[in-house]
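Thanks for coming. I have one structure to go through today, so please have a look at it first.

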Amino acid sequence: MSEPFVTRMTAARIPTKYGDFQLTFYTNNIDNKEHLAFCRGDLANAEEVLVRVHSECFTGDVMGSLRCDCGEQLDRSLALVAKEGLGIVVYLRQEGRGIGLLQKLRAYNLQDEGYDTVDANLMLGHGADERDYSLAARILDDLSVKSVRLMTNNPAKITALKAEGVKVVARVPLEIAVNSESAGYLLTKAKRMDHLFLTKPLTPVFSSKAHEPQSAN
Ligand SMILES: [Zn+2]
């Protein structure tokens, strides 16, 4: 396979509730998807830039689904970048940890039957996590950032980006309040995918049955 590369096509100002961002549109040589960077500030040669590498979640990001924490993580990332006045949200079009929306919805049905998010993906013939971060690394290269503080709870993402040559100097946690719909999912991410959660509510919420999310109250 050829080395991944991205091509910056254009950028436009996007005003948001957090102020103006520049949305940069990339094409690439790996897939036919439209990967994006949502940027604030003068990034060229900047050190320790606040960065979120966010994988698309139509249900969470757009529709506000409570099954996952994606939408709130995205919103929190934008707020933190805005507060700092400098930063990037790379938006990768790899829905459902890389399995696509159709398979993600099928996995949701399996989860409603009691399987966790990892087993559901495996039952559908997928890996637990099929995401790839090589294009995110190339986008960060294109934006000429020297080093990043990565907003994530996922150590595997840090490892993957470092392997792609991104200098990750710190992790910024992005912890979202648990609800009764997301509890089982977040527990699985913590237990089976090594995601890091520091907030206290996890233990009591998850103490009984992993497959049957309990009310946070
Ligand atoms: Zn999601």
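I will start with the metal site, then move along to two helices.

Bear in mind that this is a predicted model. The zinc ion is coordinated by three sulfur donors, the SG atoms of C57, C68 and C70, at 2.1 to 2.2 Å. Along the chain these donors follow the spacing C-x10-C-x1-C. Within that set, C57 and C70 are 13 residues apart and link distant parts of the chain. C57 is in the loop between β4 (49-55) and α1 (58-62), while C70 is in helix α2, residues 70-84.

Are these two cysteines, C57 and C70, buried or exposed? C57 has a relative accessibility of 3%, so it counts as buried. C70 is at 13%, and therefore counts as buried too.

Now to α2 itself. The helix has 15 residues, and from first C-alpha to last it reaches 21 Å, close to the 21 Å expected at 1.5 Å a residue. Besides C70, the buried residues of α2 include G71, Q73, L74, S77, L78, V81 and A82. What do the buried residues of α2 pack against? They pack against strands β2 (19-28), β3 (35-40), β4, β5 (87-92) and β6 (148-151), and against helix α1. After α2 comes G85, with a positive phi, near 80 degrees.

The other helix is α7, residues 183-192. It is mostly covered, with seven of its 10 residues buried. Those are A183, G184, Y185, L186, L187, T188 and K189. α7 is followed by D194, and there phi is positive, near 60 degrees.

That is what I have.

Conventions. Residues numbered from 1 in each chain as written. Predicted model: local features only at pLDDT ≥ 70, side-chain atom pairs only at ≥ 80, totals over all residues. Heavy atoms only, no water. Donors = N, O, S within 2.8 Å, 3.2 Å for Na, K, Ca; no water. Helix = DSSP H or I, 4+ residues; strand = E, 2+ residues; numbered from the N terminus. Buried < 20%, exposed > 50% of the residue type's maximum accessible area, 1.4 Å probe, protein only. Expected span 1.5 Å × (residues − 1). Contact = heavy atoms within 4.5 Å.
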